[in-house]
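Dear colleague,

I am handing over the structure we spoke about, with the sequence alongside. Please have it open while you read, as the notes that follow move from the overall layout to individual residues.

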Amino acid sequence: MYKLRPYQADAVRSVIHYFRQHDDPAVIVLPTGAGKSLVIAELARLAKGRVLVLAHVKELVEQNHQKYEGYGLTGSVFSAGLGRKETGEQVIFASVQSVVRHLAQFTNEFSLLIIDECHRVPDKKDSSYQKVISHLREKNPNLKVLGLTATPYRLGLGWIYQYHTRGQVRSTTPRFFRDCIFELPIHFLLDENFLTPANIVDAPVLSYDFSQIHPMPTGSYKASDLDMVISDAQRVTPQIIHQIVGQSEEKQGVMIFAATVRHAQEIHALLPSSSAIITGETPQAERDDIIQRFKQKQLKYLVNVSVLTTGFDAPHVDLIAILRPTESVSLYQQIVGRGLRLAPGKQECLVLDYAGNRYDLEQPEVGEAKPSQDCEIVTIPCPACGFNNNFWGKLDSQGILIEHYGRRCQGYFTDEETHEREICGYRFRAKYCHECGADNDIAARICHECQATLVDPDKKLKEALNLKDALVFECHHMEMMIHKDSQNRSQIKVTYQGDKQAQVHEFWSVITKKQKSVFHQRFVRPHLADKHRPFHEQSAQKIVASQHRFRFPLFVIACKTGRFWKIRDKIFADELTQLPEDIALKHRE
Ligand SMILES: [Zn+2]
Ligand SMILES: [Zn+2]
């Protein structure tokens with residue numbers, strides 16, 4: 001009989017609690033080394049009704065089945081690779097390929113489907129996983145589907161689920177798995193000594209410089225770009241390998257992550273004979289044989305190109321060398337995670353990073369590529385809903401935030417009565433439409449509300465600086481007051497002030513319905529600072545009295561019409577994609 005660790009028991013409880021209320025497929029995230037086979041075994045044991053546990057490879061089917069039988073229970077195995085096609089017991093451990101070929105043998109009603117390594121489940125209807133799921137749902141429309149993974153984030157696709165239980169939106173488009181209901185970070189396992197500590201060494205002297213290349217829209221790097229960087233650094237590879245071999249003397253198992261197949265071959269040729277290479281093209285039988293010999297320590301060095309990042313388990317690995325840029329925090333953590341399993345006599349895992357990745361094991365996945373090498377993860381609370389967002393950002397030497405790259409708030413709310421979810425969607429950076437006042441995504445070219453063409457604010461500012469009769473200044477103060485027009489009616493006068501007595505005024509009438517709506521669109525929407533509270537004031541007096549709710553623009557652009565300056569544009573700080581310090585300001589009297 002096994003005893004669950006406290007977090008494993010928490011994971012089991014969260015699943016039971018969730019499925020009491022929901023039928024939507026859900027995910028739990030457990031890093032490698034968290035012991036997910038035990039969680040699966042406990043859930044299968046507690047479930048009422050029949051349970052199917054699916055995996056994509058026979059090794060995982062076997063592993064999960066063994067843990068279950070460790071409880072003194074008996075489960076069926078349905079896997080051609082294991083030579084067993086049993087369906088008699090209440091709990092069946094199966095490989096998805098074997099089940100999809102023999103759906104007719106699954107005529108009973110299942111109450112729970114557990115999918116291991118569930119990041120492999122595609123949304124496509126004709127995939128093996130979806131065929132099995134729809135077959136089981138025909139028998140039981142209330143089938144509960146639970147996925148387990150260490151990596152809920154995939155390059156190209158993004159997050160595999162839509163909502164996180166802590167109130168976070170991960171994807172604005174629906175996903176097969178709706179909710180992530182439990183997630184254990186790697187650093188928890190490290191803190192509790194359930195994993196071996198990593199000793200991460202950045203090797204800045206001997207390293208590849210991948211900073212000039214950028215991932216493709218799919219999120220991964222082009223092999224030809226990577227090969228170019230590597231061949232430019234011809235003399236570096238032999239020196240790196242020399243260093244790795246030197247560091248390996250006392251080590252048991254060394255995994256080297258190469259950037260491309262060519263790179264892997266080059267590395268392999270430089271290593272001692274107790275080494276092997278696995279690429280995407282290595283035939284299955286040969287791959288199995290190499291892994292077997294590596295696990296038995298007949299081979300010391302294993303070179304691979306991103307094929308051994310998940311599902312591979314050799315606890316004795318105590319040196320990880322990273323010779324490739326990693327496109328995401330998750331991928332980096334998966335690579336390092338290969339060396340963190342506990343093993344007898346293992347004190348730490350040495351991680352040598354030759355690619356300047358600069359991630360660590362504490363970092364949460366951001367879901368966006370790192371905008372530049374000097375960025376780090378910053379927590380930004382949403383002014384509208386208070387949700388703490390994780391974004392890429394830049395800090396100064398004192399640790400003060402210079403800027404962050406977050407676009408929209410990832411918080412969501414659940415209506416307590418209808419249980420419907422509403423995405424907060426507050427925009428941290430927006431392009432304001434100067435026709436209708438709507439906020440648009442910073443990258444938008446056309447207003448999503450009125451279809452007006454949106455000009456890039458950076459471009460707008462640069463163009464204004466080249467105009468002849470234009471006044472462009474940084475706004476330091478804004479004041480609103482009541483002004484009487486020629487017929488003694490109240491108007492709102494807005495004064496924008498900058499340095500060197502730069503000052504322009506703007507007048508708004510808010511008497512007719514039309515005027516009110518124009519004022520709302522063109523002034524209230526871009527200027528309102530606390531957008532989560534609607535602005536209802538109607539009269540000029542009340543609007544002026546509420547002026548603390550309006551923020552002032554960063555730049556004001558005005559043009560001369562007759563004797564007066566007329567405001568042509570206002571640019572807000574969050575509209576600019578680059579910092580304005582490199583924009584030389586002009587100021588004409
Ligand atoms: Zn929010
Ligand atoms: Zn618009």
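The crossing of helix 1 and helix 2 is right-handed. Please keep in mind throughout that this is a predicted model, and that every value below was computed from it.

**Helices 1, 2 and 3**

To stay with that first pair, helix 1 covers residues 6–21 and helix 2 covers residues 36–46, and the two pack at an angle of about 45° with their axes 10 Å apart. Helix 1 and helix 2 are therefore oblique to each other. On the side of helix 1 the contact involves Gln8, Ala11, Val12, Val15 and Ile16, and these meet Leu38, Val39, Glu42, Leu43 and Leu46 of helix 2. Sorted by class, the residues of this contact comprise 8 nonpolar, 1 polar and 1 charged.

Helix 2 also packs against helix 3, which spans residues 58–69; the axes of helix 2 and helix 3 come within 9 Å and cross at roughly 55°. Helix 2 and helix 3 are therefore oblique to each other, and their crossing is right-handed. Helix 2 contributes Ser37, Leu38, Ile40, Ala41 and Ala44 to this contact, while helix 3 contributes Gln63, Asn64, Lys67 and Tyr68. Here the division by class is 5 nonpolar, 3 polar and 1 charged. If you look at Leu38, you will find that residue in the contact of helix 2 with helix 1 and again in the contact of helix 2 with helix 3.

**The protein as a whole**

Stepping back, the protein has 589 residues, of which 37% count as buried, and its secondary structure consists of 14 helices and 31 strands. The C-alpha atoms fill a box of roughly 95 × 60 × 40 Å, taken along the principal axes. Among contacts with a separation of 6 or more, 63% are between residues 24 or more positions apart.

The domain assignment gives domain 1 as 6–184, domain 2 as 194–353, domain 3 as 375–423 and domain 4 as 454–571. The centres of domain 3 and domain 4, taken over C-alpha atoms, are separated by 29 Å.

**Helices 8 and 9**

A further helix pair is formed by helix 8 (residues 236–247) and helix 9 (residues 261–270), which pack at an angle of about 50° with their axes 10 Å apart. Helix 8 and helix 9 are therefore oblique to each other, and helix 8 passes helix 9 in a right-handed crossing. In this contact Thr237, Pro238 and Ile241 of helix 8 meet Glu266, Ile267 and Leu270 of helix 9, and by class the contact has 4 nonpolar, 1 polar and 1 charged residues.

**Individual residues**

Two loop residues deserve a look for their backbone angles. Most residues other than glycine have a negative phi. Asparagine 193, however, has a positive phi of about 60° although it is not a glycine; asparagine 193 is found in the loop between helix 6 (186–191) and strand 13 (198–202). Because 9 other C-beta atoms lie within 10 Å, asparagine 193 is exposed. Lysine 500 likewise is not a glycine and has a positive phi, of about 50°, and its place is in the loop between strand 28 (490–497) and strand 29 (503–508). With 8 C-beta neighbours inside 10 Å, lysine 500 counts as exposed.

Lysine 297 lies in the loop between helix 10 (284–295) and strand 16 (301–304), and with 12 C-beta neighbours inside 10 Å it counts as exposed. Leaving aside residues up to four places away in sequence, lysine 297 touches Gln252, Gly253 and His316.

Is alanine 540 buried or exposed? Alanine 540 has 22 C-beta neighbours inside 10 Å and therefore counts as buried. Its place is in helix 14 (residues 540–545), and, not counting residues up to four places away in sequence, alanine 540 touches Ile482, Ser490, Gln491, Ile492 and Val510. Alanine 540 and isoleucine 482 are 58 residues apart in sequence, yet 7.0 Å apart in space, C-alpha to C-alpha.

With best wishes

Key. Residues numbered from 1 in each chain as written. Chains lettered and ligands numbered in written order. Predicted model: local features only at pLDDT ≥ 70, side-chain atom pairs only at ≥ 80, totals over all residues. Axes fitted to C-alpha atoms, helices over the stretch in contact; angles between N-to-C directions. Helix = DSSP H or I, 4+ residues; strand = E, 2+ residues; numbered from the N terminus. Parallel < 35°, antiparallel > 145°, perpendicular 65-115°, else oblique. Left-handed = near helix turned anticlockwise from the far one by under 90°. Contact = placed C-beta atoms within 7 Å. Nonpolar A, V, L, I, M, F, W, Y, C, P; charged D, E, K, R; others polar. Domains from an automatic or database assignment. Buried ≥ 20, exposed ≤ 12 C-beta atoms within 10 Å, placed from the backbone.
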